[in-house]
Amino acid sequence: MSPDAWSLLDGRAERARRSWTETKSALPVGERVRARVLATIRFGVFVEIDGQPDALGLVEIATLPRGGELPAIGVYLDLVVVNHADHNRQVRLRPATEAVE
């Protein structure tokens, strides 16, 4: 990942810390969301969740289709919240099986 991507995510990490309680309430486990890819890294994809600009979402590579390329920056994904990582204030997501309306 480029240094620019790290600085982008670092700023988002602080916003995620400040809004963590509200984020968990707004994005319960099982919630279907649409999100835009911000950065790709060797273990997954960081995303911005529609309607939750302070949330930091992570789609781990193990949840993505095998053998494919990671989604490009700027692409929108249909996802489902699978858990909340309190230690780093990330919303963990996986691809949804059906499109989000």
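**A walk from T23 out to the salt bridges**

Let's start on the inside: T23 is buried, because its relative accessible area is 3%, and the cut-off for buried is anything under 20%. Keep in mind as you look around that this is a predicted model. T23 sits in helix α2, which covers residues 20-26. Leaving out residues up to four places away in sequence, T23 touches A55 and V91. Those two names are worth holding on to, since both come back with the next residue.

Step along to L27, in the loop between α2 and β1. Is L27 buried or exposed? L27 is buried, because its relative accessible area, at 3%, falls under the 20% cut-off. Its contacts, once neighbours within four places in sequence are set aside, are V33, I49, Q52, A55, V81, H84 and V91. So A55 and V91 are touched by T23 and also by L27, residues that are both buried. Take V81 from that list too: L27 and V81 are 54 residues apart in sequence, yet 7.0 Å separates them in space, C-alpha to C-alpha.

Now for the strands. Strand β5 takes in residues 90-95 and runs parallel to strand β3, residues 52-60, with 3 bridges joining the two. If you want a spot to look at, find V59, whose bridge partner in β5 is L93. β5 also pairs with strand β4 (residues 76-85), this time in the antiparallel sense and over 6 bridges. Here V80 is the residue standing opposite R94 in β5. β4 and β5 make a hairpin, with 4 residues between them. In that turn, check R89: its phi is positive, at about 55°. As a rule of thumb when you look at side chains here, those in a regular strand alternate between the two faces of the sheet.

Time to look at charges. Side chains of opposite charge can pair when their charged atoms come close. How many salt bridges are there? The count comes to 7. One of them brings us back to the hairpin and to helix α2: the side chains of D86 and K24 meet at 3.1 Å, N to O. D86 is in the loop between β4 and β5 and K24 is in helix α2, so this pair links distant parts of the chain, 62 residues apart. Neither partner is buried: D86 is partly exposed, with a relative accessible area of 44%, and K24 counts as partly exposed at 30%.

Another salt bridge joins the side chains of D78 and R34, at 2.8 Å from N to O. Because D78 lies in strand β4 and R34 in strand β1 (residues 32-41), the pair ties together parts that are 44 residues apart in sequence. R34, at 34% relative accessibility, counts as partly exposed.

Strand β1 has a second tie, through R36, whose side chain meets that of E48 in a salt bridge of 3.0 Å, N to O. E48 belongs to strand β2 (residues 44-49) and R36 to strand β1, so parts 12 residues apart in sequence are tied together. R36 is partly exposed too, with a relative accessible area of 25%. To finish the tour, look at E14, R17 and R18, which are joined into one network by salt bridges that share partners.

Conventions
Residues numbered from 1 in each chain as written. Predicted model: local features only at pLDDT ≥ 70, side-chain atom pairs only at ≥ 80, totals over all residues. Heavy atoms only, no water. Pairing = 2+ DSSP bridges. Buried < 20%, exposed > 50% of the residue type's maximum accessible area, 1.4 Å probe, protein only. Contact = heavy atoms within 4.5 Å. Salt bridge = Lys/Arg side-chain N within 4 Å of Asp/Glu carboxyl O.
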